[in-house]
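Student: I'd like a close look at a single part of this protein. Could you pick one helix and walk me through it, along with what touches it?

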Amino acid sequence: MEVVYIPWSKAVEYCYKLASTLLDAGESPDTVVAVSRGGLVPARIVSDVLGVDELVVLRSRLWGIGGRVREEPEIKAHEELAPAGKNILVVDEVVDTGATLTRIVRLLKGLGAAEVKTAVIHYKASSSFKPNYYVERVEKWAWIFYPWSFSETLYGLAKQGGGDVYENAFKTLRDIGASELYMDPLRIKASLKKYVDKVEKPT
């Protein structure tokens, strides 16, 4: 399985590239919708660059720790969602299968949004949904490792290998040439233990 590791410096660069593309295109949405959790950082940067004060968060659950957990994404609003008559920009970090953005766009249009556009950092060509804006098109499917989901992604990759999760995790970091690590090995292990306990020893 191919893993594309994105360090923080590159991730921030991608976010500003996305925001700049939207700015150059003259986009001026009334509301930016952040798809939580992956789209939170990109959406905040996009909303700042475009000068959009109204930032609404929608939580989508299609993938869980280490893999897909649902057939259809479950969408929940963290606050009142009132898109009627508004131009909406939905921001996420990646469009993978396309299921999440398809459902969110359908939901917002059903609630009366005047226009719904979408923007992501990575658009996987295998997706059933093509976003209006993206930074990079990924031709060959890969697991994209974003820094804002460091421990969750590392656990998911380590779990794939079977055997000792902690050994696999540090081997994964070496194999992908991970840089800009903001935790020392002991804290990385302590963080991974949270996932091990949650998944393997449910209460």
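Tutor: Here is a walk through one helix, a contact it makes, and then a serine in a strand. Keep in mind that the model is predicted.

Let's start with helix α4, which covers residues 150-160. Of its 11 residues, 9 are buried, so α4 is largely enclosed by the rest of the structure. The buried ones are Phe150, Ser151, Glu152, Thr153, Leu154, Tyr155, Gly156, Leu157 and Ala158. Once you get just past α4, look for Gly162, which has a positive phi of about 70 degrees.

Now stay with Ser151, one of the buried residues of α4. Ser151 is touched by Ser191, which also touches Met183, leaving aside residues up to four places away in sequence. Where does Ser191 sit? Ser191 belongs to helix α6, residues 185-200. Its relative accessibility is 17%, and because buried means under 20%, Ser191 counts as buried.

For another serine, hop over to strand β3, residues 55-61, where you'll find Ser60. Ser60 has a relative accessible area of 12%, so this residue is buried too. What does Ser60 touch? Setting aside residues up to four places away in sequence, the list is Val35, Ser36, Pro73, Glu74, Ile75 and Thr100. Thr100 deserves a second glance: its side chain and that of Ser60 are joined by a polar contact of 3.2 Å.

Note on methods:
Residues are numbered from 1 along each chain as its sequence is written. This is a predicted model: local features need pLDDT of at least 70, side-chain atom pairs count only at pLDDT 80 or more; totals for chains, interfaces and linings use all residues. Side-chain values use heavy atoms; hydrogens and water are left out. Helices (H or I, at least four residues) and strands (E, at least two) are DSSP runs, numbered from the N terminus. Buried means under 20% relative accessible area, exposed over 50%, partly exposed in between (1.4 Å probe, protein chains only). A polar contact is a pair of N or O atoms within 3.5 Å; within protein, one must be able to donate a hydrogen and the other to accept it, and residues adjacent in sequence count only if both atoms are side-chain atoms. Contact means heavy atoms within 4.5 Å.
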